[in-house]
Amino acid sequence: MLYKDLVRVYEALESTSSRLEMTDILAELFRSSDCAHIRRIVYLTQGALVPDFYPEKLGLADKLYLRTLSMATGAKESEIRQLWAHEGDPGIVTEKAFESKRQTTLFSSPLTLDRVYDSLLKIARSEGSGSQEVKMRLLADMLHDATPVEGRYLARIATGRMRLGVATQTVLDSLVQAFASKADKPAAERAFNVTSDLGLVGEVLCQEGLEGLERLHVIVGNPLRAMLAERLPSPEEILERMGGRAMFEYKYDGLRVQAHIDGDRVKLYSRRLEDLTGGFPDVVKALSAAFRGKSAILEGECVPVDINTGELLPFQEVSHRRGRKHGITTAMEDYPVRVHLFDCLYLDGEDLTCLPLPDRRTALTRCIRVSEDVRFSEAKVLDNVHDVEEFFTEALTAGCEGLMAKSINGDSVYRAGARGFLWIKYKREYRSEMTDTVDLVVVGAFHGRGKRGGLYGALLMATYNSETDRFETVSKLGSGFDDATLAALPEKLDRYRLPQKHPRVDSRMNADVWFEPAVVLEVLGAELSLSPIHTCAFGKVREDAGLAIRFPRFTGVFRDDKEPRDTTSSQELLSMYEGQRKK
Ligand code: AMP
């Protein structure tokens, strides 16, 4: 196939904004193409060379492209730069530069689709020293043989700007139109959603039609497009929609990961199908150790944890780890993570996506032995509003965003790439931003782990309830201590140590060590939320919960000038919560 035939189609696509017309144009192209070329055409039309989850990406730096164009046309770099500033599109710049400047060549051969594809792939793959020259040469060679309009599209695809405006769905529709009938669309959609490879779907449709599509199933190494959830505002509506009963799970606030395990090889993909493996060697190792089987595709949420308080940290802490190439070891120590698995889509040769959720969950529990770093999502089958509300509060306390309700009916399959009511999220804003510091009193402590072994890892902090004259816990504090302060804590606190909880301390948490309320620390938190574990202002906002300070940090200031009774009161914290509750 000649590249110019593809370019003619690109021009036609660009001249319309009608989706139907685009579908017709593409269907015609597919029908008239050799099956062996379909994959390449599909990827190129989307401005890519391979499916998204492959590493090869196009996107030559503008500067490099500018030099290449100057090399290929003989035009001065300064002239091209000026043109670029005016046009803003390397495609048009290339076309114009060609028209005015190109040195006449006697021996140019027409570009073929295969040559363009192979050269672009080499460009995408070349890295390391000397790679710039290789890329420039490959591209200049193609430009040398290109017509001006071919140059326009070569420039756009090489610099990662091939925006033809053709949506994935349009390509899929035109493949169906070319090789099957309208009724086969759901089968084609499913094939795409489970393989995430539109080129593969196109090739199979062209070669084998519908029958081939039906044979396409989940492949270890091809991330599935993630199943998504709808949202409803109340447990009543959720239960009604689910037929009175559903599985409720904690909705963790982290990074969704799809783990593809094949023997010793583990690959991790994000919800957007990016390869995350490089940034999470600890997760790879933990999953490898926890997995009992030959191969699997598992899904879960990767959450950052504070190893000293055992509490979940804000999502941003895990995002530091994404896409990192350097400093992984430090990042692993600074931002340790844990995975909570919630689904199993494939196990030992069997595609499980068509099974109901309870069966997939059973497969998951069968193939994973839980560890410190690999756990299941907390889950309960519930059938009444009261229990759902209770579980919801528990989830908030654990640092989660709310609950995910999942259908456990016979039709509760894994619907890759679809948002629907088989999964429903239940979140409500029970958080309030904290802008001021508070003064809290130490009432207990927890032994340290990791780098804090032998010291206190976290302190149990309380507010003072002036109405009842009692101390009420509000937070586990583990951040903001420098090494010297941490080392000096036992000396500062141990003189107030008690054999058991102080009689005027209300705590639902069991500290390793208890203290008489005496030492007051200044603390800044990120937000106030509800918690059934903490006793501060218990029952004032919700019957079954108190207030908690999330993500607290010690500011470094010991308020030795303050009596424990002068610490921030529970009443004050309640009005802070109410005053700043997020809308
Ligand atoms: P949202 O991003 O608000 O649409 O919520 C969906 C996201 O919640 C998913 O993509 C997951 O990353 C995340 N999530 C957290 N916990 C769970 C869970 N137990 N089951 C499914 N998804 C979860």
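Which polar backbone atom is 3.0 Å from a nitrogen atom of the ligand? That is a good place to start reading this predicted model, and the points below begin there.

1. The backbone atom in that opening question belongs to Y252, and 3.0 Å separates it from a nitrogen atom of the ligand. Side chains join in too: an N or O atom in the side chain of E249 is 2.8 Å from a ligand nitrogen atom. On the oxygen side, K427 offers a side-chain N or O atom at 3.4 Å from an oxygen atom of the ligand.

2. Stepping back to the whole site, the ligand is surrounded by 14 residues. The closest of them are E249, R271, E301, K406 and K425.

3. Now for the sheet. Five strands form an open sheet with mixed pairing, in the order 1-11-10-2-9. Strand 1 (228-231) and strand 9 (379-382) are the edge strands; each has a single partner strand, so one side of each has no neighbour in the sheet. On average, neighbouring strands are turned by 35 degrees against each other, direction ignored.

4. Take a closer look at strand 2, residues 246-251, which pairs with strand 9 in the antiparallel sense over four bridges. E249, met above beside the ligand, stands opposite A379 in strand 9. Helix 18 (residues 385-397) packs on this sheet and touches strand 2, strand 9, strand 10 (402-406) and strand 11 (419-427). The direction of helix 18 makes about 130 degrees with that of strand 10.

5. Elsewhere, do look at a pair of helices. Helix 10 (residues 168-179) packs against helix 12 (residues 198-215) at an angle of about 5 degrees, and their axes are 10 Å apart. Helix 10 is therefore roughly parallel to helix 12. Helix 10 brings T168, V171, L172, L175, V176 and F179 to the contact, while helix 12 brings L198, V201, G202, L205 and C206. By type, the contact residues are nine nonpolar and two polar, with no charged ones.

Technical notes. Residues are numbered from 1 along each chain as its sequence is written. This is a predicted model: local features need pLDDT of at least 70, side-chain atom pairs count only at pLDDT 80 or more; totals for chains, interfaces and linings use all residues. Side-chain values use heavy atoms; hydrogens and water are left out. Two strands pair if DSSP finds at least two bridges between them. Helices (H or I, at least four residues) and strands (E, at least two) are DSSP runs, numbered from the N terminus. Axes are lines fitted to C-alpha atoms, for helices over the stretch in contact, and angles run from 0 to 180 degrees between N-to-C directions. Contact means heavy atoms within 4.5 Å. Angles under 35 degrees count as roughly parallel, over 145 as roughly antiparallel, 65 to 115 as roughly perpendicular and the rest as oblique. Ala, Val, Leu, Ile, Met, Phe, Trp, Tyr, Cys and Pro count as nonpolar, Asp, Glu, Lys and Arg as charged, and the others, Gly among them, as polar. A residue is near a molecule or strand if one of its heavy atoms lies within 4 Å of it. A polar contact is a pair of N or O atoms within 3.5 Å; within protein, one must be able to donate a hydrogen and the other to accept it, and residues adjacent in sequence count only if both atoms are side-chain atoms.
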